[in-house]
Structures are given as structure tokens and as C-alpha cells.
Amino acid sequence: MTIKSLYISDLDGTLLTSHKEISENTKQTLNSLIASGGFFSVATARTAVSAQKILSGVQINTPVVLMNGAAIYDMLDGTYIKTETIPAAAAYTIVEIIKKHKITGFMYSVFANRLQIYYESLNTAALKAYHNERVTKYAKSFEQIAGFADKIKDNKVIYFAFMGQKERLSELVPDLKKLQGIGMVLSNDVYTENLWYLEVYSANASKYNAVNFIRNYCSFDRIIGFGDNVNDIPLLKACDEFYAVSNAVYELKEQATGIIADNNSDGVARFIVARREF
């Protein structure tokens, strides 16, 4: 009996180099895997627009996990297969909490199969850098609005992203923990040492739930995953095998099946080649 396996990787810090791109060697390896009848996907905090740009040239043949599990997306036909919505009451309270702490960021919603990204102001260097990189590099569309609360009623809010110093973002955590129906992760940016991200999403949105959905949706018998950061721990728990790149955080390495070469050494591709013949 043939075992139907899926290789699934995080992007930033794992499949991507420090230049935020996939090496040509990795592209060739992944395409050889797929052409030979294998399956490959990604599980990332990124959105469809940036994931598609980054994965250009890779013949992805399996739905991908976006925004840490808030959405599952079919790159072949450009549709959202599944999204996890933050309860409206929780979304309104999140807005009140960030107002209380004088912190703002970005709010994401999916409407009519289109991702909408809203912001109130770009009042820090981190917010400006986040916005400008995604507009110039990935041609993302952002909409400035007077207040997040104005857009919650008529939109399915799936994600909030805040960025800045760890100490400042940590101020939000105690209040957010009191809310029902949400999950969150606070993690260090893999490219900038002193930059941190606080991501907030539905309690049902996780790489764990999303990967298990794909397992059933596509009838996979075995899933082998790869990652580097704390937001990959749910991915690890959904996989039959999980490998941390050597540049991964200690918490992930401690729980991984094994350690592979780092992201700048084509660690994921080298592992796949070692496991298969093309």
C-alpha cells in the first residue's frame, strides 16, 4: 500500500533565506518532488498575496495555510477554502484594549473571497516598515480608516497584527487573555532582533487545526513538517514527523523529531532529497 505523504514548511526563517526568498536549488528540488507525484505545501503567517509572490516558480499542488491558520487557500484557483473568524464581540473588545494601551496595528478580513487589510495610522517606524515593504515588494492593498470598530460589523475579521518592542506589546497580553474565542502568539521577527509581532486570531485558527483539515481534505496518510519559531509549535503537533532548522528557537528544537541544516543552507530541500529519489 502506497503511503500518501505531504511535506509542509513554514516560510520565513525556514524555507526562505535571510534575503526573504527561496533559493533556486530549493525551487528545483520542490518542483522535482511535485513532478514525481509528491506533495508540498506551506504553513505561514503570511497572506495569499505575499505567499504567491514568494512561491512564484514553485508548482504548489496542495492548499496552503496562511496567517498562522486563520485561512486555508487554494493557490491553483485563487480561492479561500476555509477561514476562521474572530467573534465580533471579541473583535470589538480587542479594539478597546488597543485603544486603552495606545497601540495600533493592522486588521485583516475576508469579504467576497478578497482579503482586506485596514490600518488606522502608521505612527511608528515598525508599522511604516511593515506597510511599505508589503506595498512595494508584494503590491498589497491597504486601506486607511478612522477606526477598526467601523469595519467589524460588516466584515469577517480573521486577524490582527501588531508589531514593535516586546515590552510594549506584552502590555496587551493580560487583557487579551481574558477574552473568549481568540488565540494569540508573541514572537520575535526572524529578520530584526529587537522587533516583535503580536498576532491575534480566532481560537479555532492554528497551524495545528489547519494542517489536520488539509490531512482530511486531501487524504494524507503522513505529514512531515519544518519550522523555526514558536508559532510553528502547533504545526509540529499536527505532523507525524517534524524537523527544526538549525537556526530555530530552542523551544522548537526541543520538541522536534530532529534538526536539519539552516534556512540559508537549503535545509528543507536537502532533507527532502535525502528522503526521496527523483
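1. The open sheet is a good place to start in this predicted model. Six strands build it, in the order β8-β7-β6-β9-β11-β10, with mixed pairing. At the edges sit β8 (142-144) and β10 (182-188), each pairing on one side only. Direction ignored, neighbouring strands are turned by 25° against each other on average.

2. A closer look at one edge: β10 pairs with β11 (residues 196-202) in the antiparallel sense, over seven bridges. Within this pairing, Val185 has Glu199 in β11 as its bridge partner.

3. Two helices are worth following along the sheet. Helix α4 (residues 88-100) packs on the sheet and touches β9 (156-164), β10 and β11; the direction of α4 makes about 20° with that of β9. Helix α5 (residues 125-138) also packs on the sheet, with β6 (106-111), β7 (114-119), β8, β9 and β11 touched, and the direction of α5 makes about 120° with that of β9.

4. On aromatics, the structure holds 16 pairs. In one of them, the ring centres of Tyr130 and Tyr197 are 6.1 Å apart and the planes stand at 55°, so this pair is tilted. Tyr130 lies in helix α5 and Tyr197 in strand β11, 67 residues apart. Both tyrosines are buried, and they belong to one aromatic cluster with Phe106, Tyr119 and Phe142. Do also check Arg134, whose charged end sits over the ring of Tyr130, 3.7 Å from its centre.

5. Another pair to view is Phe226 with Phe271, edge-to-face at 5.4 Å centre to centre and 75° between the planes. This pair links strand β12 (residues 222-227) to helix α12 (residues 267-275), its members 45 residues apart. Phe226 and Phe271 are both buried.

Definitions and conventions: Residues are numbered from 1 along each chain as its sequence is written. This is a predicted model: local features need pLDDT of at least 70, side-chain atom pairs count only at pLDDT 80 or more; totals for chains, interfaces and linings use all residues. Side-chain values use heavy atoms; hydrogens and water are left out. Two strands pair if DSSP finds at least two bridges between them. Helices (H or I, at least four residues) and strands (E, at least two) are DSSP runs, numbered from the N terminus. Axes are lines fitted to C-alpha atoms, for helices over the stretch in contact, and angles run from 0 to 180 degrees between N-to-C directions. Contact means heavy atoms within 4.5 Å. Rings of Phe, Tyr and Trp (its six-membered ring) pair if their centres lie within 6.5 Å; planes under 30 degrees apart count as stacked, over 60 as edge-to-face and the rest as tilted. Buried means under 20% relative accessible area, exposed over 50%, partly exposed in between (1.4 Å probe, protein chains only). A charge sits over a ring if NZ of Lys or CZ of Arg is within 6 Å of the ring centre and within 35 degrees of the ring normal.
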